[in-house]
Amino acid sequence: MRAIDHLVLSFDDLVTARERLGALRFTVAPDAVHPFGTGNACVFLADGVYLEPLAVVDAAAQAEALAAGNFFVARDAAFRAEQDLPGFSGLAFRSADALGDRDALTAQDLGEPATVDFSRTFRQSDGAGATLSFRLAFARLLPGFVASLFFCEARHSVAPDRSALARHANGAKGLLRIVLVGTVDEETRRLLETITGSALTSDGSGGATLASANVVLEFLTPSLAQARYGAAAVDDRLRLAGMVLAVTDLDQARAALAPDGVTERDGRIVATLGSASTPFIAFEERPS
C-alpha cells in the first residue's frame, strides 16, 4: 500500500496560517519559499506526515510559473479561485520514483504527463539551513473530487532534523485519519484505489474507509460528517474536510486549546480552521 506524505492546506496568506495553527498550539516551522511563487509554514508530526499550509508569497513568480504551465501552481490557483479559504486543496502520496508512478497512472488514463522538479531551503529550528529537492507527479483532476492528488518524491540524500518541530504543546503525535465528505463516484473510487493499492470498504454505518500504508481515509456522507465532526457539506462533490490527529493525553490537548472554535464530540476535540465548519483538525486520544 502507498503511504500518505502530506496534506496541502491553502490559506490567503502565511500570517493567517501561522496565527491560526499557533493558536491551536502547534509548533509551526519557519516560512519557506518555493521558486514558483508559493510558500509554506509547515506543521511536522512525529510519525513523518506533515501539514503544508500554502499561500502565494511572490505574485510575479507565481504568474511566471502559471504561464510556464507549472501544474502545482496552476492547481493551487484554480482552488483559490473557486473555493473558500482556508481549504484542503491537495493530498500528497510518498513516492520513490515519481516518473514511474506517473507512467503507471497515465497508462490507466488517470495521470498527467507533466512533472514539477524544484529545490528550496529548509530552515531548522536552530537556524541552520538545508537544501531540499523534490519531484512531483500528478493524477488527473476529476470533476467529482475537489482536490489535487499527487506523488511526492524526496530527492535529497540527507534528511533535515525536524525533531524539535515535531513537538507540539497540544500533544499531537501523528495522523490517524483524513476525513472526506461527499459522493464517491466510480472514477474517483478507481483513482483512489489505484494510488493507494487498497479497496474502499464499508464501515458498517453508512460511511467507508480506504487504508493507506500509514493513514486511514474516512469517507462520510454529509449527515455522518455533521454527527461525527460537526462538518457541513458544501455540495455533493467529494472534498477533503479534515484531519484527525493522535494525542496521548486528551486532557493535555484540552488544556492547551483555547475554547474559541473548539468543540467536543464523541470523545474527540474538534477545532475549525476557518469561519465555516470545514476545514477542521480533530484530536483523539491514543495510548503511546
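A cavity is a set of grid points where a 1.4 Å probe fits but cannot get out. This report looks at such spaces, and at the packing around them, in a predicted model.

**Overall form**

The protein chain has seven helices and 18 strands. Its C-alpha trace spans about 45 × 45 × 35 Å along the principal axes. A compact globule of 288 residues would have a radius of gyration near 19 Å; the chain has 18 Å, so the two agree. Buried residues account for 54% of the 288. Contacts between residues at least 6 apart in sequence often reach further: 69% of them join residues at least 24 apart.

**Cavities**

Two cavities of 30 Å³ or more are present. The table sets out their volumes and the make-up of their linings.

| Cavity | Volume | Nonpolar lining residues | Polar lining residues | Charged lining residues |
|---|---|---|---|---|
| Largest | about 100 Å³ | eight | three | two |
| Second largest | about 30 Å³ | seven | no | no |

The largest cavity has a volume of about 100 Å³. It is lined by 13 residues, of which His 6, His 34, Tyr 50, Glu 52 and Phe 118 are the closest to its centre. Four strands each give two or more residues to this lining: β5 (50–56), β7 (111–123), β8 (129–139) and β10 (148–154).

The second largest cavity is lined by Phe 26, Val 43, Leu 45, Leu 51, Met 243, Leu 245 and Ile 281. These residues are nonpolar, with no polar and no charged member.

**Nonpolar cores**

The largest nonpolar core has 55 residues. Ile 178 and Phe 283 have the most contacts inside it. Strand β15 (residues 238–247) gives the most to this core, with five residues.

What does Ile 178 touch beyond its neighbours within four places in sequence? Its contacts are Ile 4, Leu 7, Leu 91, Val 215, Val 216, Leu 217, Glu 218, Leu 240 and Gly 242.

A second, separate core has 21 residues, including Phe 36, Tyr 50, Leu 132 and Phe 134. Tyr 50 is also among the residues closest to the centre of the largest cavity.

**A buried threonine**

Thr 188 lies in helix α5 (residues 186–196). Is Thr 188 buried or exposed? Its relative accessible area is 0%, so Thr 188 is buried. Leaving aside neighbours within four places in sequence, Thr 188 is in contact with Leu 142, Gly 144, Phe 145 and Leu 238.

Note on methods: Residues are numbered from 1 along each chain as its sequence is written. This is a predicted model: local features need pLDDT of at least 70, side-chain atom pairs count only at pLDDT 80 or more; totals for chains, interfaces and linings use all residues. Side-chain values use heavy atoms; hydrogens and water are left out. On a 1 Å grid over the protein atoms alone, a cavity is a set of points where a 1.4 Å probe fits but cannot get out, and a pocket is an open set with protein on both sides within 12 Å along at least five of seven lines; lining residues have an atom within 4 Å of a point. Grid points are joined across faces, edges and corners, and a volume is the space filled by probe spheres set on the points. Ala, Val, Leu, Ile, Met, Phe, Trp, Tyr, Cys and Pro count as nonpolar, Asp, Glu, Lys and Arg as charged, and the others, Gly among them, as polar. Buried means under 20% relative accessible area, exposed over 50%, partly exposed in between (1.4 Å probe, protein chains only). Contact means heavy atoms within 4.5 Å. A nonpolar core is a set of buried Ala, Val, Leu, Ile, Met, Phe, Trp, Tyr and Cys residues joined through side-chain atoms within 4.5 Å. The radius of gyration is taken over C-alpha atoms; the globule rule is 2.2 Å times the number of residues to the power 0.38.
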